[in-house]
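User: I am beginning to study protein models and would like to work through one with you. Could we proceed by question and answer?

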Amino acid sequence: MADERKVKSTPSDVHSEQGQLRQLKERIAELELENDLLKKWQRFLAEQRRKNSRS
C-alpha cells in the first residue's frame, strides 16, 4: 500500500511557493521577450541577405 500522508502547507511554505511562482513567471516573460527579439533579428538578417543577393 502506498503511503498517503497529506502534507500540510505552513504559511511560510505558501509564501515561499508564491515567491518562486512569481520568479518563474518573471523568467518566462524575459524568455518570451528574448525569443521575440531573436525572431525579429532572424527576419531582419534574412531580409538583408535577400537584398544582398539581388544586387
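User: At 41% relative accessibility, how is Glu26 classed: buried, partly exposed or exposed?

Analyst: This is a predicted model, and the values discussed here are computed from it. Buried requires a relative accessible area under 20%, and exposed requires one over 50%. Glu26 has a relative accessibility of 41%, which lies in between, so Glu26 counts as partly exposed.

User: With which residue does the side chain of Glu26 meet in a salt bridge?

Analyst: A salt bridge needs a side-chain nitrogen of Lys or Arg within 4 Å of a carboxyl oxygen of Asp or Glu. Glu26 and its partner both lie in helix 1, four residues apart, about one turn of the helix. The partner is partly exposed, with a relative accessible area of 47%. At 3.1 Å from N to O, the salt bridge joins Glu26 to Arg22.

User: How many salt bridges does the structure hold?

Analyst: Besides the bridge between Glu26 and Arg22, Arg27 forms one with Glu30, with the closest N and O atoms 3.0 Å apart. Glu47 forms another with Lys51, where the closest N and O atoms are 3.6 Å apart. The number of salt bridges in the structure is three.

User: How far apart along helix 1 are Arg27 and Glu30?

Analyst: Arg27 is partly exposed at 41% relative accessibility, and Glu30 is partly exposed with a relative accessible area of 42%. Both residues lie in helix 1, and their spacing corresponds to about one turn of the helix. Their separation is three residues.

User: Why are Glu47 and Lys51 separated by about one helical turn?

Analyst: Glu47 is partly exposed, with a relative accessible area of 39%, and Lys51 is partly exposed at 43%. Both belong to helix 1, and the separation of about one helical turn arises because the two are apart by four residues.

User: Is the aromatic pair formed by Trp41 and Phe44 stacked, tilted or edge-to-face?

Analyst: The structure holds one aromatic pair. Its members, Trp41 and Phe44, have ring centres 5.5 Å apart, with 25° between the planes. Planes under 30 degrees apart meet the cut-off, so the pair is stacked.

User: Which residues does the helix containing Trp41 and Phe44 span?

Analyst: Trp41 and Phe44 are three residues apart, about one turn of the helix. Phe44 counts as partly exposed, at 40% relative accessibility. Both residues lie in helix 1, which spans residues 11–54.

User: How many helices and strands are there in the protein chain, and what percentage of its residues count as buried?

Analyst: The protein chain contains one helix and zero strands. Its exposed area is about 5900 Å², of which carbon and sulfur atoms supply 54%. Of its 55 residues, the share that counts as buried is 0%.

Conventions. Residues numbered from 1 in each chain as written. Predicted model: local features only at pLDDT ≥ 70, side-chain atom pairs only at ≥ 80, totals over all residues. Heavy atoms only, no water. Buried < 20%, exposed > 50% of the residue type's maximum accessible area, 1.4 Å probe, protein only. Areas by Shrake-Rupley, 256 points an atom, 1.4 Å probe, with all protein chains shown as cover. Phe/Tyr/Trp six-rings, centres within 6.5 Å; stacked < 30°, edge-to-face > 60°.
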